[in-house]
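Work through these exercises with the structure open. Each task is followed by a stepwise solution.

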Amino acid sequence: MSIRGQNLLPLNLSPDRKIAGVLAPLFALRRENDLGIGDLETLREFIDWAAEVGFKLVQLLPINETGGDHSPYNAISAVAIEPTTLHLAPGSPADLTQDDFDEVVRDFDLEKMRKGAVKHDRVRQLKMALLEKASRRFNESGSGKTAFETFCQTEAAWLDDYSFFRALMDENGGYETWDRWREEHRETKTAHEWVEAQTAEKQSAFHERRQFYRYVQWIAEQQWQQARAYAEERGIALMGDIPFGVNLYSADVYSRRDQFALDWSGGAPPEPYFKDDKFTQKWGQNWGIPLYRWDLMRSRNMDWWRWRVRGVRKIFHVFRIDHVLGFYRIYAFPWRPTRNPEFLPLTQEEMLERTGGKFPQFYPRDDSNWENCEANRREGEEYLRVVLEESRDTRVVGEDLGTVPDYVRPSLRSLGIAGFKIPQWENHPDGRTIPGSEYQRVSVATYATHDHKPVRAMWEDAFEQADAETAQGRNDLNKIASFAGMATLSQETDYDRDFYPAMMEALFRSESWLALVMITDLLARKDRFNVPGTAAGSNWSRRLWKTVAELRTSRAVRKRMNLICGLLEKTKRTDPQMNTDIHG
C-alpha cells in the first residue's frame, strides 16, 4: 500500500523512507524571555533542536482558537488560529512598535507569568492587547491594505461568520456560550437584525471589532506559513491535528446550526483503561460535541469539512484526525457533560428514567450486525475521501484507538491513511505482543499520545505503588519490554540503563512509516498534558522544566539525545551523515 504525499521528497515523507518525529505541545515549550507560553519563535528554536537530534517531523496539537477551558480540542472555531501561539515583539507583526510593546507589557508581571504552568487568561490578555496596538497602527498606516483585503475575500466563507461571532462574544462579556447570550444575540438572524437596528456609531464600532479579528487571523496565517517555510528549510515536516468533533460553543455551530444535531453529545464508549476517571469507566467519555447532520453536509458538498482541511493544509505537511473512528460511527450521550456527575451514580434503569428512555449509543448506527457495519464502513469512506481530496499532497494520519470495529483499520489502509500502533496494545489473539517487524508501513508507532501517562510515570507507579493501576501499569511495561525483546521486568531493571534504550530502539526499528515519541517520553519525564474526562487545572497547562536553549546545554539531556541520535542513525530513520555528538 502506498503512502500519500510521495512528492514531498525534500522532507523525506516518501514511503520508501521511514522517519521519526517528536510530539511537543507548543504551549509547553519554553524560551528565554517568552511571554508565558510557547509561541512561534519558540517553535523555531525547537525545530532547530529536533533537527540536530535527527528527527524529521515535529507534531503539535490543534492550533485552533480555544475557548474558556483552553483545551485545543474544544476550539471556538474549526479554522481560526489561536492568537496566543503568535510571536509578538517589536516589529512582529510589523505594525507593533517598541513604544506600544513597552506600554502594554509594563502592566504585566512577565517574571511571574513565565513561572510554573501557563496562565492562559493572563497570557491572552497580554497578547490581545499587543495585537490591538498593532491593529490600530495598521489602520493608521494604510500599508498592506491590499493584501489584507485579499485575505478577507479569500477566506470569507468562514472568516465572516467567525468575525461576527467574535464581535458578539465581546458584546456578551467575552464568553462563547451563545445559548446564554442576550436573547437577541442567540440566533444569527436576530443578531444581524440587532446590528442593523443600532446607531451608525455603534454599527461602526461593531464593524471595527470584526475587522480586528480578521486582522488577527491575517497575521496568524502569515506567521504560521513562515514557520512552515522555516521547518522546510531545515528538513522538518510539521504535523498538526484536526479533532473529529467541534465545540458546541463555536462560531461554526452558531452560524451553521442546521448541520449539527444539538440534542446529542458525542464521545467514546466505556473505557476501563482510564482508571483515574470513574465516569469514563462506567459510561464512557462525554466530550459534549454535537453530532453531524451528514445528510445536510452532503447536500452542501461537504463545504464545511473542506474549509477545515484547507486551513490545516496551508500550514502542516501532515495532519492527524483525532478520533477518526467518528467518521464511521460515534458514541453519543443524550445529556451534556455538565450533567455527568448527576448520572455517575445512577443505574441503567435510573438513567433511562431521567432521559425519557434515551440511552448512550452509537450514531448513526451501532455495529451489531453485518448490514450496520457495512453501512458505517461505506459512509465513513465517503466522508474521508472528501478529506483526502482536499488534503492534496498533505499526508493524513488517523487516530484509531479505543473500541475499534474490525472493518475500520482495513478501511483506513485501503484509503492510504496511516493508523496508530501502540506497542503495549498491539497483541495477537493469544495475547502475544506483535513485533514491530509485523507492523504495516502505513502506520504510526508510538508509546503514548498527549492523553496517556508518560512511560516514566508508569514505571514509577508500577514499582512504587500497590493498587489496581499498578497492575495495569506493570502489564503495559512488560508488554513494551516484550516488544523490545527484553525479559520480564523486575525491581533490578534500571530504567535509564536497561529499559529506555531498548524501548526506543524497538520503536525506531518497527516497520511503521513514522515512529513518534512524546517529548515527555523522549526526555524521560513524568509530566502529563491531559487526563481524559477530567477538568483538572493542569490539563493543557504544563510547561517543560527547561527552555529549548537549556535542553541544549544540559549534560543529562545531551547524553540522552546523543543516544537517541545514534539509534536514529542505526535504524536508518535519519541522515547517515548525522554527527552522533549532536551538541559538540
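**Exercise 1. Find the side chain that makes a polar contact with the side chain of H450, and describe the surroundings of H450 in this predicted model.**

Solution.
- Step 1: Find the partner. The side chains of H450 and Y73 are joined by a polar contact of 3.4 Å.
- Step 2: Place the residue. H450 sits in the loop between β11 and α17 (455-464).
- Step 3: Check exposure. The relative accessible area of H450 is 3%. The cut-off for buried is under 20%, so H450 is buried.
- Step 4: List the contacts, leaving aside neighbours within four places in sequence. H450 is in contact with L23, L61, Y73, R320, M518, F529, N530 and W540. Y73 thus appears in the contact list as well as in the polar contact.

**Exercise 2. Classify R209 as buried, partly exposed or exposed, then find its polar partner.**

Solution.
- Step 1: Locate R209. It lies in helix α8.
- Step 2: Read the accessibility. R209 has a relative accessible area of 24%. Partly exposed lies between the 20% and 50% cut-offs, so R209 is partly exposed.
- Step 3: Look for contacts, not counting residues up to four places away in sequence. R209 touches E132, A167 and D170.
- Step 4: Pick out the polar one. The side chains of R209 and D170 make a polar contact of 3.0 Å.
- Step 5: Check the backbone. The C-alpha atoms of R209 and L168 are 9.2 Å apart, with their positions 41 residues apart along the chain.

**Exercise 3. Decide how the rings of Y439 and F483 are arranged.**

Solution.
- Step 1: Start from the whole structure. A search finds 45 aromatic pairs.
- Step 2: Take the geometry. The ring centres of Y439 and F483 are 5.8 Å apart and the planes are at 20 degrees, so the pair is stacked.
- Step 3: Map the pair. Y439 is in the loop between β10 (419-421) and β11 (443-445), and F483 is in helix α18 (residues 468-483), so the pair ties together parts 44 residues apart in sequence.
- Step 4: Check burial. Both Y439 and F483 are buried.

**Exercise 4. Which residues lie nearest the centre of the second largest pocket?**

Solution.
- Step 1: Note the space. The second largest pocket holds about 290 Å³.
- Step 2: Read the lining. It has 13 residues, and S135, N139, E208, Q211 and F212 lie nearest the centre.
- Step 3: Assign elements. α4 (120-141), α5 (145-154) and α8 (200-233) each give two or more residues to the lining.

Terms used: Residues are numbered from 1 along each chain as its sequence is written. This is a predicted model: local features need pLDDT of at least 70, side-chain atom pairs count only at pLDDT 80 or more; totals for chains, interfaces and linings use all residues. Side-chain values use heavy atoms; hydrogens and water are left out. Rings of Phe, Tyr and Trp (its six-membered ring) pair if their centres lie within 6.5 Å; planes under 30 degrees apart count as stacked, over 60 as edge-to-face and the rest as tilted. Helices (H or I, at least four residues) and strands (E, at least two) are DSSP runs, numbered from the N terminus. Buried means under 20% relative accessible area, exposed over 50%, partly exposed in between (1.4 Å probe, protein chains only). A polar contact is a pair of N or O atoms within 3.5 Å; within protein, one must be able to donate a hydrogen and the other to accept it, and residues adjacent in sequence count only if both atoms are side-chain atoms. Contact means heavy atoms within 4.5 Å. On a 1 Å grid over the protein atoms alone, a cavity is a set of points where a 1.4 Å probe fits but cannot get out, and a pocket is an open set with protein on both sides within 12 Å along at least five of seven lines; lining residues have an atom within 4 Å of a point. Grid points are joined across faces, edges and corners, and a volume is the space filled by probe spheres set on the points.
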